[in-house]
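Reader: Please take a close look at a single part of this model, the metal site. I would like one connected account of it.

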Amino acid sequence: MKVLKRISSRPQDMKFLDIPEPVIPRKDWIKVKVAYAGICGSDIKMFHKDCSEADSKLKPPVIPGHESSGIVWETGSEVYHVKAGDRVVCHTMADPCGCCEYCLTGNWGLCSKRKGIGSDINGAFAEYLICPAKNAIKIPDQLSLKTAALTEPLACSIRMIEEIGNIRRGETIVIFGPGPIGACCALAAKAAGAVPMMVGTEHSGHRMKILADLGIQCVTNDENLAYRVKEIFGDLADAAVDAVGSEKVFHQAFQVVRKLGRVIIGAADEVNKDYSVNMQKVFSRQIKILPACSSTPKGWHEAVNMLKQYQDEFEKILGKEYPLQMWRDAFQKAESREDFKIMLRP
Ligand SMILES: [Zn+2]
Ligand SMILES: [Zn+2]
């Protein structure tokens, strides 16, 4: 089968290869024919990164890709909830121990035993994906496979907006970064009855136009941002999301939230890892800093339901699709940030 494989830890050491089809390794695993595999911002970051550090998310040699949808091709003998032909999305947390505090509270992403599909073990930039059957979630007939490939980024956004951010009906929320995650956050906030505002640079005009057409207030980032927020919302915001992952945005997020507001950290800078914080201001204004990393199985189920219910809206943030062998063009396009979610078609 054709795959895109990260060969070594060396930056950009990725190749399009033909390798033998994988065999289901255990009775409770399945083999899925991948229909769509989205390119995540983290795939781009990892592509350029040296992955030799012990805390590197990507562990080469490995096939990346964690945002996929597909059709069950074959199942092990002890698989009962899905069968060949079912349309599925597979969440990315394989083999959590199932008995630690994190597993028992649904926070599989924090289990020290769990493996990430597309980071620790082979992912979806391939014709076939093998994974534990319990990771597979059947998708409704009405939901297209392409839109379903947004489940992972939407589940991460649901983590930020609902599970950690606790955004409630009528609340105002400023989202920094009109990329696919920021857009999913805005649509999830809207679905929750909150009022989102998107902040982006002039460079992201195309994306902002699409979001504006979806009824989301979009503003260009500048020095008067807090003033603009007050002008639009009538006050500072209840919450802000950093969906960019930069110290500059982190500080701006503080400037646009009211006292007792929440700053939700949806991404963190991979290079400049130490941010400086005016703790006196955080303390006196009683701002909550809420990191929301990865996703939960519960969030995946919610994401599938939300995609089904708001399919028309989410379809607007689907970008161009490329055959797997054109991965270089696809990565370049994703990096250009002109389009929304770029998909590979293995
Ligand atoms: Zn992702
Ligand atoms: Zn565990």
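Author: H66 counts as buried, because its relative accessibility of 12% falls under the 20% cut-off. This is a predicted model, and the values here are computed from it. Through its NE2 atom, H66 coordinates the zinc ion (ligand 1). The other donors are C40 through SG, and E67 and E152 through OE, with distances of 2.2 to 2.5 Å. Along the sequence these donor residues follow the spacing C-x25-H-E-x84-E. C40 and H66 link distant parts of the chain, 26 residues apart. C40 sits in the loop between strand 3 (29–38) and helix 1 (41–48), while H66 lies in the loop between helix 1 and strand 4 (67–75). C40 is buried as well, because its relative accessible area is 12%, under 20%.

The angles at the metal come next. The four donor atoms around the zinc ion (ligand 1) subtend 86 to 164°, and the arrangement is therefore irregular. A tetrahedral assignment would need all angles between 85 and 135 degrees, and the upper end of the range here is 164°. For four tetrahedral donors the ideal angle is 109.5 degrees.

Elsewhere in the chain, strand 11 (residues 195–200) has five of its six residues buried, so the rest of the structure largely encloses it. Strand 11 runs parallel to strand 10 (residues 172–176), joined by five bridges, with T172 opposite V195. The connection from strand 10 to strand 11 passes through helix 5 (residues 180–191) as a right-handed β-α-β crossover. Strand 11 also pairs in the parallel sense with strand 12 (residues 217–220), over four bridges, and M197 stands opposite Q217.

Conventions. Residues are numbered from 1 along each chain as its sequence is written. Chains are lettered from A and ligands numbered from 1 in the order in which they are written. This is a predicted model: local features need pLDDT of at least 70, side-chain atom pairs count only at pLDDT 80 or more; totals for chains, interfaces and linings use all residues. Side-chain values use heavy atoms; hydrogens and water are left out. Donors are N, O and S atoms within 2.8 Å of the metal (3.2 Å for Na, K and Ca); water is not among the atoms, so sites may look incomplete. Four donors count as tetrahedral if all angles lie between 85 and 135 degrees; four count as square planar and six as octahedral if opposite donors are over 155 degrees apart and all others between 65 and 115; anything else is irregular. Helices (H or I, at least four residues) and strands (E, at least two) are DSSP runs, numbered from the N terminus. Buried means under 20% relative accessible area, exposed over 50%, partly exposed in between (1.4 Å probe, protein chains only). Two strands pair if DSSP finds at least two bridges between them. A crossover is right-handed if, with the strands pointing away from the viewer, the path from the first strand over the helix to the second runs clockwise.
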